[in-house]
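Hi there,

Here is the structure I promised to pass on to you. Have a look at it first, and then read on for what turned up in it.

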Amino acid sequence: MHAEQIIEPVQAFGTCLKGLLEKRKISASELARMMAYKSRNSIFRVLEEEGGHGARQAFYDRLIEEDPLHLDE
């Protein structure tokens, strides 16, 4: 008998990030401060999957590099 494989739906980056922030009780404004963003609008655009792919990729790269959420823990 084979165990059934559980497949979770794929979520967009913004949706995943929003869930992570909620889980850790961190606001978008706080994340903007942690990453030294001058405007929190950039964070909100990422969370809402707005703006271009390049902007989201740049945010992702910076998030991974700076690791303000301690994702490696």
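Let's begin on the outside: Glu48 has a relative accessibility of 45%, so it counts as partly exposed. Please keep in mind that this is a predicted model.

Glu48 has a partner. It forms a salt bridge with Lys18, and the closest N and O atoms of the two are 3.0 Å apart. In general, side chains of opposite charge can pair when their charged atoms come close. Lys18 belongs to helix H1, while Glu48 sits in the loop between H3 and H4, so this pair ties together parts that are 30 residues apart in sequence. Lys18 is also partly exposed, because its relative accessibility is 30%.

How many salt bridges does the structure hold? There are four, and two others are worth finding on your screen. One of them joins Arg33 to Glu30, with 2.8 Å between the closest N and O atoms. These two residues are three apart in helix H2, which means that about one helical turn separates them. Arg33 counts as exposed because its relative accessibility is 56%, whereas Glu30, at 31%, counts as partly exposed. The other one joins Arg56 to Glu49, where the closest N and O atoms are 3.5 Å apart. Glu49 has a relative accessible area of 30%, so it is partly exposed.

Now for the inside. Nonpolar side chains tend to be buried together in soluble globular proteins. In this model, the largest nonpolar core has 14 residues. Leu17, Leu21, Leu31, Ile43, Phe59, Leu63 and Leu69 are those with the most contacts inside this core. Helix H1 (13-23), H2, H3 and H4 are the elements that give two or more residues to it.

Phe59 is a good residue to click on. Is Phe59 buried or exposed? Its relative accessible area is 2%, and a residue counts as buried when that value is under 20%, so Phe59 is buried. Leaving out residues up to four places away in sequence, Phe59 touches Phe13, Leu17, Leu31, Met35, Tyr37, Ile43 and Val46.

Phe59 also takes part in the aromatic pairs, and the count of these comes to three. Tyr37 and Phe59 make a tilted pair, with 5.8 Å from centre to centre and 55° between the planes. Tyr37 lies in the loop between helix H2 (28-34) and helix H3 (41-47), and Phe59 lies in helix H4, so the pair ties together parts that are 22 residues apart in sequence. Ring pairs link Phe13, Tyr37, Phe59 and Tyr60 into a cluster.

Tyr60 turns up on the surface as well. Together with Ile64 and Leu71, Tyr60 forms a nonpolar patch there, and the accessible area of the three is about 250 Å². Leu71 is placed in the segment after helix H4 (53-66), and it counts as partly exposed because its relative accessibility is 35%.

One last residue to look up is Asp61, which lies in helix H4. Its relative accessibility is 40%, so Asp61 counts as partly exposed. Between Asp61 and Glu22 there are 21 Å in space, C-alpha to C-alpha, and the two are 39 residues apart in sequence.

Enjoy exploring it!

Best wishes

Definitions and conventions:
Residues are numbered from 1 along each chain as its sequence is written. This is a predicted model: local features need pLDDT of at least 70, side-chain atom pairs count only at pLDDT 80 or more; totals for chains, interfaces and linings use all residues. Side-chain values use heavy atoms; hydrogens and water are left out. Patches are made of residues with over 30% relative accessible area and no salt bridge: like charges are joined within 9 Å, nonpolar side chains (Val, Leu, Ile, Met, Phe, Trp, Tyr) within 5 Å. Accessible areas come from the Shrake-Rupley method with a 1.4 Å probe; for residues, only the protein chains shown count as cover. A salt bridge is a side-chain nitrogen of Lys or Arg within 4 Å of a carboxyl oxygen of Asp or Glu. Helices (H or I, at least four residues) and strands (E, at least two) are DSSP runs, numbered from the N terminus. Buried means under 20% relative accessible area, exposed over 50%, partly exposed in between (1.4 Å probe, protein chains only). Rings of Phe, Tyr and Trp (its six-membered ring) pair if their centres lie within 6.5 Å; planes under 30 degrees apart count as stacked, over 60 as edge-to-face and the rest as tilted. A nonpolar core is a set of buried Ala, Val, Leu, Ile, Met, Phe, Trp, Tyr and Cys residues joined through side-chain atoms within 4.5 Å. Contact means heavy atoms within 4.5 Å.
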